[in-house]
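Student: I would like to learn how to read the features of a structural model with some care. Could you take me through a few of them, one at a time?

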Amino acid sequence: MGELFQPKLLTLLKSGISKEQLISDIFAGIVVGIVALPLAIAFAVASGVSPEKGLITAVVAGFIISFLGGSRVQIGGPTGAFIVIIYAIVQEYGIDGLIISTMMAGVILILFGLLRLGDLLKYFPHPLIVGFTSGIAVVIFSTQIKDAFGLPIEKLPSEFYEKWIVYFSNLGEANIYAVAITVATILITIYSKKITAKVPGSFVAIVFITLIVQLMDIPITTIESFFGEIPNTFNFSLPNIEMNNLYIYIAPALTIALLGGVESLLSAVVADGMISGNHRSNTELIAQGIANIVTPIFGGIAATGAIARTATNVKNGGRTPIAGIVHALTLLLIMFFFASYAKLIPMACLAGILIIVAYNMSEWRSFISILKGSPFDIIVLLSTFLLTVFIDLTVAIEIGIVLSSLLFMKRMADIGIKTPSHVDGDLLEDYSDLPEGVSIYEISGPLFFASAKQYSEVIKEIGLKSKLLIIRMRHVPFVDSTALHNLEEMIKTLQKSNVMIVLSGVENSVLQDLKKHGITSLIGDENILDSFDKALKHSKTIIN
């Protein structure tokens with residue numbers, strides 16, 4: 001399929017991987033495998049399926065995504081974002097329906113990749129992504145209250161507000177042991193890193209809490225109470241597919257494909273920022289698609305790129321897909337030799353881990369930051385968030401995209417009838433006498449969600465070849481939160497490479513948005529000038 005669809009692993013093997021890097025990748029893979037163990041089990045249980053399905057997904061999908069993917073460091077497997085979707089599909093269509101939907105989603109993802117639609121996902125506005133991610137976090141948290149409090153509820157309603165009505169009506173029957181275990185799990189997960197940073201807190205919590213529960217014979221619900229034995233084998237099976245009824249799975253399949261595509265590419269972009277790399281988005285989508293076709297055949301569930309595990313991989317020295325492959329093999333060995341002990345894990349312990357996952361997913365800092373910004377971004381954020389929580393994720397994304405487009409058109413129409421309050425009017429356009437090490441890039445037009453990523457990538461590429469970069473913004477009438485987010489990441493990347501940033505001719509309303517987002521303090525107020533002449537003189541002073 002050419003270089004565009006070539007897996008990163010193949011490219012890196014051709015160029016060669018050093019012995020030191022290989023050792024580092026193996027170590028990182030083992031650590032990530034240990035991190036993934038409790039999460040894989042917790043995600044499966046919370047999704048309404050048996051725990052081994054989470055392990056199978058982490059092994060099979062994790063291997064395929066690393067082996068065929070377009071990212072150097074992406075770790076694939078079950079994720080918290082899928083909990084709500086999988087639970088709803090299982091309730092409505094059963095396990096066979098989940099398998100069919102997941103495999104259809106895999107086909108859709110492959111088509112996305114072959115049609116080169118990977119690049120289109122970067123046009124998702126930042127408020128939309130934060131809105132549905134925060135919404136999913138709230139829903140995940142709400143699903144864990146039953147186990148966190150040990151409430152004797154046989155069947156929970158699927159609607160968000162009805163869940164909480166049932167919780168409050170049963171709160172008097174809470175199990176004090178379950179509450180204590182949930183709190184202890186949360187505290188151990190958070191604070192164990194002060195004792196050891198190498199062993200993940202969630203793993204420490206599961207081992208410690210499970211041992212205490214067994215030794216003290218604490219009367220608490222465990223995985224065994226719900227699911228019985230956890231098998232340590234793979235079962236190859238195909239669902240009963242009726243071609244006449246395939247159309248009913250299109251909606252859930254599209255939901256899985258959209259969320260899987262967005263989350264995997266978002267994770268790959270975050271990883272790129274951490275390692276200063278570039279992933280192949282369309283190759284990544286194809287790998288995700290193949291993983292979601294193959295994994296259900298072995299008894300797994302939907303999979304995508306996992307941001308937290310990918311970040312753990314990078315922080316522990318992983319720099320090639322070998323780390324992801326080792327992570328999958330580590331989990332396979334754990335499944336073969338220790339699966340029988342996993343049935344002893346208390347449900348309240350898994351609830352505690354998932355509450356931490358929900359908190360980390362919530363992006364509350366970004367949520368608050370957007371609430372301080374443009375009313376247009378706030379509308380997209382809150383609409384997407386509320387629709388995700390109370391209606392449906394797919395509806396939230398669809399309406400969020402339409403709203404973003406309409407509000408952008410409204411902002412452009414407003415600009416058309418207003419005169420900018422400040423424009424850098426210098427006529428100097430000849431950059432031939434620039435001091436050595438100084439580069440210039442000019443942004444023309446609105447800096448918004450559709451152009452932000454491209455601008456940031458170009459600016460970063462130019463900046464990394466310079467000692468100082470002047471960014472001219474005299475023709476930028478407004479910026480949205482997606483642009484601010486991308487600018488911030490780009491500036492941090494350049495500053496890590498000791499590149500100075502100077503802004504020139506920033507329109508007053510844009511400057512206020514930069515201040516609210518903390519970008520002016522990141523650059524330094526002294527490095528933001530109202531004219532190009534001043535910016536150039538200032539730059540010469542710094543360079544000399």
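Tutor: We will go through salt bridges, a surface patch, a helix crossing and some buried residues, keeping in mind that this is a predicted model.

Student: Let us begin with charged side chains; how many salt bridges does the structure hold?

Tutor: The general idea is that side chains of opposite charge can pair when their charged atoms come close. In this structure there are 5 salt bridges. One of them joins Glu442 and Arg474, with 2.7 Å from N to O, and this pair links distant parts of the chain, since Glu442 sits in strand S3 (residues 438–444) and Arg474 in strand S4 (residues 468–475), 32 residues apart.

Student: Are Glu442 and Arg474 buried or partly exposed?

Tutor: Glu442 has a relative accessibility of 22% and therefore counts as partly exposed, whereas Arg474, at 11%, counts as buried. The cut-off that separates these two cases is 20% relative accessible area, under which a residue is called buried.

Student: Which residue forms a salt bridge with Lys146, and which side chain meets Asp530 in a salt bridge?

Tutor: Lys146 pairs with Asp147, and their closest N and O atoms are 3.7 Å apart; Lys146 counts as buried because its relative accessibility is 13%, and Asp147 counts as buried because its value is 17%. Asp530 meets Lys534 in a salt bridge, at 3.2 Å from N to O. Here Asp530 is partly exposed, with a relative accessible area of 38%, and Lys534 is partly exposed as well, with 44%.

Student: Turning to the surface, which residues make the nonpolar patch?

Tutor: In reading such a patch, one asks which side chains make it and which elements supply them. The patch here, of about 670 Å², is made by Tyr161, Ile165, Leu371, Leu382, Leu386, Phe390 and Ile391. Helix H7 (160–170) and helix H17 (375–390) each supply at least two of its residues, and the largest share, 3 residues, comes from H17. Tyr161 has its place in H7 and counts as partly exposed, because its relative accessibility is 46%.

Student: How should I read two helices that cross, and at what angle do the axes of H4 and H11 cross?

Tutor: Two packed helices are described by the angle between their axes and the distance between the axes. For helix H4 (residues 83–114) and helix H11 (residues 250–275), the axes come within 7 Å and cross at roughly 65°, and the crossing is right-handed. Among the residues that make the contact are Ile85, Ile89, Tyr93 and Met104 of H4, together with Ile250, Pro252, Leu254 and Gly261 of H11.

Student: Which residues of helix H13 are buried, and what covers them?

Tutor: To read burial within a helix, one lists the buried residues and then looks for what covers them. In H13 (residues 307–315), the residues Arg309, Thr310, Ala311, Thr312, Asn313 and Val314 are buried, and their cover includes helix H2 (19–46), strand S1 (76–77), H11 and helix H14 (322–342). H13 is followed by Gly317, whose phi is positive, near 100°.

Student: As a last case, why does Ser281 count as buried, and what does Ser281 touch?

Tutor: Ser281, which lies in helix H12 (residues 281–294), counts as buried because its relative accessibility is 10%. Leaving aside residues up to four places away in sequence, Ser281 touches Gly118, Asp119 and Leu265.

Terms used:
Residues are numbered from 1 along each chain as its sequence is written. This is a predicted model: local features need pLDDT of at least 70, side-chain atom pairs count only at pLDDT 80 or more; totals for chains, interfaces and linings use all residues. Side-chain values use heavy atoms; hydrogens and water are left out. A salt bridge is a side-chain nitrogen of Lys or Arg within 4 Å of a carboxyl oxygen of Asp or Glu. Buried means under 20% relative accessible area, exposed over 50%, partly exposed in between (1.4 Å probe, protein chains only). Helices (H or I, at least four residues) and strands (E, at least two) are DSSP runs, numbered from the N terminus. Patches are made of residues with over 30% relative accessible area and no salt bridge: like charges are joined within 9 Å, nonpolar side chains (Val, Leu, Ile, Met, Phe, Trp, Tyr) within 5 Å. Accessible areas come from the Shrake-Rupley method with a 1.4 Å probe; for residues, only the protein chains shown count as cover. Axes are lines fitted to C-alpha atoms, for helices over the stretch in contact, and angles run from 0 to 180 degrees between N-to-C directions. A crossing is left-handed if the near helix is turned anticlockwise from the far one by less than a right angle, and right-handed if clockwise. Contact means heavy atoms within 4.5 Å.
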